[in-house]
Amino acid sequence: MPPLPKPFFVLAPMDDVTDSVFRRVVARCAPPDLFFTEFVNVDGLQSPGRPRLLKKLRFTDKEQPLIAQIWGNKPENYRAVAEQIADGSLADELGVPGLQFAGIDINMGCPEKNVVNNGSCSALINNPELALEIINATKAGAAGRLPVSVKTRLGFNEVDFSWHELLLQQDLAMLTVHGRTRKEMSKVPARWEDIAKVRELRDKLGVQTLIVGNGDVESREQGEALAKEYDLDGVMVGRGVFHDPYVFAKDSDWDNFSKQARMELFLDHIDLFAQTWQPGERATHTLNKFCKIYINNFDGAKELREDFMQADDVADLRQRVSDAL
Ligand SMILES: Cc1cc2nc3c(=O)[nH]c(=O)nc-3n(C[C@H](O)[C@H](O)[C@H](O)COP(=O)(O)O)c2cc1C
């Protein structure tokens, strides 16, 4: 891992949200100490579908340090992709030669039905043999050039610390624990006292793995308090960024941002989107979910959102937002 303060703050991987564009928006507002890519399927990357998936890994020097998050089923594909990430050939392919990821993270936490039915992500909690094969294959591909980490949950149906004990015996650089089981999806509050038990386990085992807590953090101050109370190395924030793009700032003033400042930030996002994605590479409607972040908390916001969501393409959206400014 790169040198990190304690506690360090991490922008969570969020599929179809934390792409290179949104990571740069967050970096401009108030950068976290560490970024993650969206999760990318290694089996798909090692198939004819590679070009479509590769886009998910696109990045720039403005989103650093950045961890590539991968998922899938086949250890040999983890190994191959980890090798391409670690030897820099993937960055070459992405058109950013010389830039490097800071690490490789394996997703062992996603609860979605289609992913679980496929035996991937959180399903690996129930298949520790395959989980270990995957970790070993990823490490073999990285070959000591990049740190390997895991993001997981408290368990599958029940909280299961034997799962974390197993992971902590794998010499991982970092273990991120989302404080819910797979069964709980996102329906109950995250249990930070159980995340703390994973940290206690780490201390008992005497290993160096950094422990990052995740779940329901909505401000830097709240994250700092949780990290202090439970003596965690880091705090990961996901949906908190939907309520406040300045979530990583000390004393964020987002609630007091004017309509104009919010619209200008949305315009910056749209411009970065237009510069990054060629027409057709990412659907314009993916910008709709960001509309809710910025176009909020002022009179007439709902009507403006309804109008912006009618835009046919990025140019049309930009025009509508500029006209409303
Ligand atoms: C839209 C969305 C997409 C997500 N995609 C990923 C992903 O690609 N990889 C991953 O590890 N977790 C993913 N997650 C889970 C988040 O990283 C995080 O663990 C979860 O939202 C709980 O943290 P929070 O309460 O701070 O949001 C996703 C969550 C959301 C809401």
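1. Let's start at Pro7, which sits in the segment before strand E1 (8–11). In this predicted model, the peptide bond joining Lys6 and Pro7 is cis, with omega at about -5 degrees. It deserves a moment of attention, since most peptide bonds are trans.

2. A second cis bond turns up further along, between Gln64 and Pro65, where omega is about -10 degrees. Pro65 belongs to the loop that runs between helix H3 (50–54) and strand E3 (66–71).

3. Next, some backbone angles. Most residues other than glycine have a negative phi. Asp216 is not a glycine, yet has a positive phi of about 70 degrees. You will find Asp216 in the loop between strand E7 (210–214) and helix H10 (220–230). Asp216 counts as partly exposed because it has 19 C-beta neighbours inside 10 Å, and a residue is called buried at 20 or more.

4. Asn297 is a similar case to look at: phi is near 70 degrees, again positive in a residue other than glycine. This residue lies in the loop between helix H13 (288–294) and helix H14 (301–308). With 14 C-beta neighbours inside 10 Å, Asn297 is therefore classed as partly exposed.

5. Helix H10 rewards a careful look. Which of its residues are buried? They are Arg220, Gly223, Leu226, Ala227 and Tyr230. These five lie on the same side of H10, because they cover an arc of only 130 degrees around the axis. On the face turned away from that buried side, H10 carries the exposed residues Glu221, Lys228 and Glu229.

6. What covers the buried residues of H10? The elements that do so include E1, helix H9 (192–205), E7 and strand E8 (234–237). Just after H10 comes Asp231, and its phi is positive too, near 50 degrees.

7. Now the ligand. There are 21 residues around it, and those that come nearest are Ala12, Met14, Phe39, Gly238 and Arg239. By class, the shell around the ligand divides into eight nonpolar, eight polar and five charged residues. Those counts may be handy if you are setting up a description of the site.

8. On the domain level, the protein is divided into domain 1 (8–243) and domain 2 (257–324). Their C-alpha centres are 29 Å apart. Eight residues from domain 1 and nine residues from domain 2 take part in the contact. On the side of domain 1 that touches domain 2, helix H1 (residues 20–29) gives the most, with four residues. That side of domain 1 has four nonpolar, one polar and three charged residues.

9. Finally, the overall picture. The protein has 15 helices and eight strands, and its C-alpha trace spans about 60 × 45 × 35 Å along the principal axes. Why does the radius of gyration of 20 Å fit a compact globule? For 325 residues, such a globule would have a value near 20 Å, so the two agree.

10. Two further totals complete the note. Buried residues make up 45% of the 325 residues in the protein. Among contacts with a separation of 6 or more, 70% come from residues 24 or more positions apart.

Methods: Residues are numbered from 1 along each chain as its sequence is written. This is a predicted model: local features need pLDDT of at least 70, side-chain atom pairs count only at pLDDT 80 or more; totals for chains, interfaces and linings use all residues. A residue is near a molecule or strand if its C-beta atom, placed from the backbone, lies within 6 Å of it. Ala, Val, Leu, Ile, Met, Phe, Trp, Tyr, Cys and Pro count as nonpolar, Asp, Glu, Lys and Arg as charged, and the others, Gly among them, as polar. Helices (H or I, at least four residues) and strands (E, at least two) are DSSP runs, numbered from the N terminus. The radius of gyration is taken over C-alpha atoms; the globule rule is 2.2 Å times the number of residues to the power 0.38. A residue is buried if 20 or more other C-beta atoms lie within 10 Å of its own, exposed if 12 or fewer, and partly exposed in between; C-beta atoms are placed from the backbone. Two residues are in contact if their C-beta atoms, placed from the backbone, lie within 7 Å. The arc is that of the directions from the helix axis to the C-beta atoms. Domain bounds come from an automatic or database domain assignment.
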